[in-house]
Amino acid sequence: MPKSFIAGIGMYVPENVVTNNDLKKYMDTSDEWIQERTGIKERRYAKRTGETTTTMGIEAAKIAIERAGITPQDIDFIVFATICPDYYFPGCGVLLQRAMKMKEIGALDVRNQCSGFVYALSVADQFIKSGTYKNILVVGSEKHSFGLDFSTRGRNISVIFGDGAGAVVLQPTEQEGKGILSSHLHSDGESAEMLAMFNPGTHANHWTEQPLASFNDSEIADMFMSHEMIDKAQNFPVMDGPAVFKKAIVKFPEVIKEALAANNLTTDDLSLLVPHQANLRIAQFVQQKLGLRDDQVYNNIQKFGNTTAASIPIALCEAWEQGKIKEGDLICLAAFGSGFTWGSVLVRW
Ligand SMILES: CC(C)(COP(=O)(O)OP(=O)(O)OC[C@H]1O[C@@H](n2cnc3c(N)ncnc32)[C@H](O)[C@@H]1OP(=O)(O)O)[C@@H](O)C(=O)NCCC(=O)NCCS
């Protein structure tokens, strides 16, 4: 059975750099608070118009496809991970397929939040291993800046997130030991509401004792999204930051160890851990818990913030471009996020 390997990788971040001090125009916050709690110094915001989650994904995809030495017409399947889709439906995958003039190939959208790219890569890996497809484009892209509460009310979330995209092309290889060694996916819906965006949705307060929005049983209209939801700022994400932090620092190391153990490897064998860029403090905690050296972990949240499904391919691409990843290196990608969902992928480069 062939393994899949990353034949090309690309990233795109918007030009517009937004510093912590820039955010002070909109909310009561400070550079010190943000850096101390999250490690973030700045992030990028896409243009209000002319740039979308899909267009950013396309920019990253163009580079990944070129580096793989193929053309968009050679791509035989798309997996697009995002929580900031251009449309509620259809997904970004078909918009990318249209814009890049690809063949009438399958386009799958993945909505697994911060674990989106790890889930997407794992799905693509199965299609390659089974021999179904030969050139799969996997994209993670997010335009968070369009959907955050930039008032003081939303500051615990809005300062964390940034925009950007990353993409890889997966191809089969018969080369012994090379490629994706294994992937490990998990979820625990117990805390689904701790990091979530409830509206628009069909929940009608079904899952929580505390109402998430007003719904009138007698009316047919306004079920998905109402004026009241907007007036009450219920169209923004919510997060119990400390709860997310506590769970993340347990599940990150667990799923990394799981990947290593499944392949009879240890942290000593690891060339580079590329964790989802949730928060620098989380990554540092994980590094310490696993006893990894500084050169074994790649972080760039300081420059880009948390770009959810895009953060791993952006970090991986940057690390590769900086020569930090070489042929034969053992790379672990690991993510944790809303759901909660988490996962890891172990790659022999
Ligand atoms: C969000 C996070 C940085 C908040 O840090 P924290 O130390 O837990 O802070 P708290 O939420 O307890 O809030 C502490 C205080 O800072 C305030 N605060 C929140 N956001 C702020 C901001 N951007 N600027 C200034 N003050 C802020 C709070 O209102 C609170 O004030 P109070 O003590 O007067 O009530 C932290 O919980 C975290 O990083 N969690 C993980 C989040 C994450 O990684 N999410 C992505 C997962 S993929």
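# A tour from helix α11 to the ligand

Start by selecting helix α11, where the buried residues are S311, I312, P313, I314, A315, L316, C317, E318 and A319. The model on screen is predicted. Colour α11 by accessibility and the helix appears mostly covered, with nine of its eleven residues buried. Follow the chain past the end of α11 to G323, which has a positive phi near 75°.

**The loop before α11**

Now step back along the chain and select G305, in the loop between α10 (301-304) and α11 (311-321). G305 counts as buried because its relative accessibility is 2%, under the 20% cut-off. Show its surroundings: beyond the neighbours within four places in sequence, G305 contacts I40, E42, R43, I160 and Q277. Then draw a distance from the C-alpha atom of G305 to that of L280; the two residues are 25 apart along the chain, and the separation is 9.3 Å.

**Helix α9**

Select Q287 next, a residue of helix α9, which spans residues 280-290. Is Q287 buried or exposed? Its relative accessible area is 13%, so Q287 is buried. Setting aside residues up to four places away in sequence, the residues that Q287 touches are L292, R293, D294 and V297.

**Helix α4 and its cover**

Move to helix α4, residues 92-99, and pick out its buried residues: C92, G93, L95, L96 and Q97. Which elements cover them? Display α3 (53-67), β4 (77-81), β5 (106-110) and β6 (136-142), which are included in that cover. Just beyond α4, select K101, where phi is positive at about 50°.

On the other side of the helix in sequence, select P90, in the loop between β4 and α4. The peptide bond leading from F89 to P90 is cis, and its omega is near 0°.

**More backbone to inspect**

Most peptide bonds are trans, and most residues other than glycine have a negative phi. The next stops depart from one or the other pattern.

- Select F340, in the loop between β12 and β13 (341-348). The bond from G339 to F340 is cis, with omega near -10°.
- Select Q113, in the loop between β5 and α5 (116-129). Q113 is not a glycine, yet its phi is positive, about 50°. Q113 counts as buried because its relative accessibility is 17%.
- Select N264, in the loop between α8 and β11 (272-275). N264 also is a residue other than glycine with a positive phi, near 55°. At 74% relative accessibility, N264 counts as exposed, since the cut-off for that class is over 50%.

**The ligand and its shell**

Select the ligand and expand to the residues around it. There are 23 of them, and T29, R37, C114, G241 and N279 come nearest. How is this shell made up by class? It has twelve nonpolar, eight polar and three charged residues.

Show the shell on the cartoon to see which elements supply it. At least two residues each come from α2 (31-38), α6 (155-158), α8 (241-262) and β12 (330-337). The element that gives the most is α8, with four residues.

Three contacts with the ligand can be displayed in turn. At T29, a polar side-chain atom lies 2.6 Å from a nitrogen atom of the ligand. At R37, a polar side-chain atom lies 2.7 Å from a ligand oxygen atom. At P242, the atom to show is a backbone N or O atom, 3.3 Å from an oxygen atom of the ligand. Taken on its own, the ligand has 960 Å² of accessible area, and the protein covers 70% of that.

**Zoom out**

Finish with the whole chain in view. The protein has eleven helices and 13 strands. Along the principal axes, its C-alpha atoms fill a box of roughly 60 × 45 × 40 Å. The radius of gyration is 20 Å, which agrees with the value near 20 Å for a compact globule of 349 residues.

Colour by burial: 55% of the 349 residues count as buried. Switch to the surface, which comes to about 15600 Å² of accessible area, with 51% belonging to carbon and sulfur atoms. For a last view, draw the contacts with a separation of 6 or more; residues 24 or more positions apart account for 76% of these.

Key:
Residues numbered from 1 in each chain as written. Predicted model: local features only at pLDDT ≥ 70, side-chain atom pairs only at ≥ 80, totals over all residues. Heavy atoms only, no water. Near = heavy atom within 4 Å. Polar contact = N/O pair within 3.5 Å; in protein donor to acceptor, adjacent residues only side chain to side chain. Areas by Shrake-Rupley, 256 points an atom, 1.4 Å probe, with all protein chains shown as cover. Nonpolar A, V, L, I, M, F, W, Y, C, P; charged D, E, K, R; others polar. Rg over C-alpha atoms; globule rule 2.2 N^0.38 Å. Buried < 20%, exposed > 50% of the residue type's maximum accessible area, 1.4 Å probe, protein only. Contact = heavy atoms within 4.5 Å.
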